[in-house]
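Student: Got a minute to go through this model with me? I'd like to start with the DNA side and then look at how the chains meet.

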There are 2 protein chains.
Amino acid sequence: MTAHPQEDHYKYKKVISIGVVSELTGLSQRQIRYYEERKLVFPDRSKGIRKYSFADVEQLMKIANQREEGVSTWEIRQEMTKELRERMLKGQMNAHFRRRS
Amino acid sequence: MTAHPQEDHYKYKKVISIGVVSELTGLSQRQIRYYEERKLVFPDRSKGIRKYSFADVEQLMKIANQREEGVSTWEIRQEMTKELRERMLKGQMNAHFRRRS
DNA sequence: CGTGTAAGGAATTCTGACACG
DNA sequence: CGTGTAAGGAATTCTGACACG
């Protein structure tokens, strides 16, 4: 469908293993796995091996900043779901008012 | 320097291991390593482990197409260096004529 | 020339647990 | 709660070589 059938979106393609993610983010593998346990990141799996996207890496860096400020994983999670709700609501609005101004 | 200090260029960051590259391109690991031997791709190394970028993946897909058409690795290499020469020449021209129209 | 494969070793990743606090 | 670490195992990757052609 797109002009570049291949490009898709490099940012969202889950291809990076945890060792590289650790280097890119400065977080330990333990931390990265723990944040997954707390449902803050959602890597894909290939035979048990986690694969992350650049978007995941960005997300993890945001989490690292929040954590440094003392924000708990639970609070970060709340913030995430809240933002998700807002975005979904906005989507509903768009669907409703589209082409009706 | 950029607005998004992090984003840099996902396309050029060497973070993908050969197994994933193999899946993305449909090439065998053997083929991918051989094309490196023939100087058609240049992965980074981390403790001996090859790391590729999305740009490398694109390059490999182009190579795969050429190969299917019967183009030899040597010919592909010639084409690459030729294109490189042209791009460098263009760079020289730009440097020379910049702000002189 | 281009690619498959078996071989042995090194580096990576995984999970569940114990530790500290 | 959040993170470190040692433990044992599974999956990945690496190189050099032999094979075929």
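Tutor: One definition before we start: helices here are DSSP runs of H or I with at least four residues, numbered from the N terminus. Also, this is a predicted model.

Student: OK. Which element gives the largest share of the surface near DNA strand C?

Tutor: That is α2(B), with four residues.

Student: And which residues come nearest to DNA strand C?

Tutor: There are 20 residues around the strand, and A:Arg33, A:Arg50, B:Ser28, B:Arg38 and B:Thr73 come nearest. Of the strand's atoms within 4 Å of the protein, sugar and phosphate account for 78%.

Student: How far is A:Arg33 from a phosphate oxygen?

Tutor: A polar atom in the side chain of A:Arg33 is 2.7 Å from a phosphate oxygen of DNA strand C. For A:Arg45, the distance from a side-chain N or O atom to a phosphate oxygen is 2.8 Å. A:Gln29 has a side-chain N or O atom 3.3 Å from a phosphate oxygen of the strand.

Student: What's the surface near DNA strand C like by class?

Tutor: Eight residues are polar, eight charged and four nonpolar.

Student: Switching to the protein contact. How much area is buried between chain B and chain A?

Tutor: About 1400 Å², with carbon and sulfur atoms giving 69% of that. Each chain is represented: 16 residues from chain A and 16 residues from chain B.

Student: How many salt bridges and polar contacts across that interface?

Tutor: Zero salt bridges are found, and two residue pairs are in polar contact. On the side of chain B that touches chain A, α1 (18-25) and α3 (54-68) of chain B each give two or more residues. That side has seven nonpolar, three polar and six charged residues.

How values were computed
Residues are numbered from 1 along each chain as its sequence is written. Chains are lettered from A and ligands numbered from 1 in the order in which they are written. This is a predicted model: local features need pLDDT of at least 70, side-chain atom pairs count only at pLDDT 80 or more; totals for chains, interfaces and linings use all residues. Side-chain values use heavy atoms; hydrogens and water are left out. Contact means heavy atoms within 4.5 Å. Buried area is the accessible area (1.4 Å probe) that two parts lose on being put together, summed over both. A salt bridge is a side-chain nitrogen of Lys or Arg within 4 Å of a carboxyl oxygen of Asp or Glu. A polar contact is a pair of N or O atoms within 3.5 Å; within protein, one must be able to donate a hydrogen and the other to accept it, and residues adjacent in sequence count only if both atoms are side-chain atoms. Ala, Val, Leu, Ile, Met, Phe, Trp, Tyr, Cys and Pro count as nonpolar, Asp, Glu, Lys and Arg as charged, and the others, Gly among them, as polar. A residue is near a molecule or strand if one of its heavy atoms lies within 4 Å of it.
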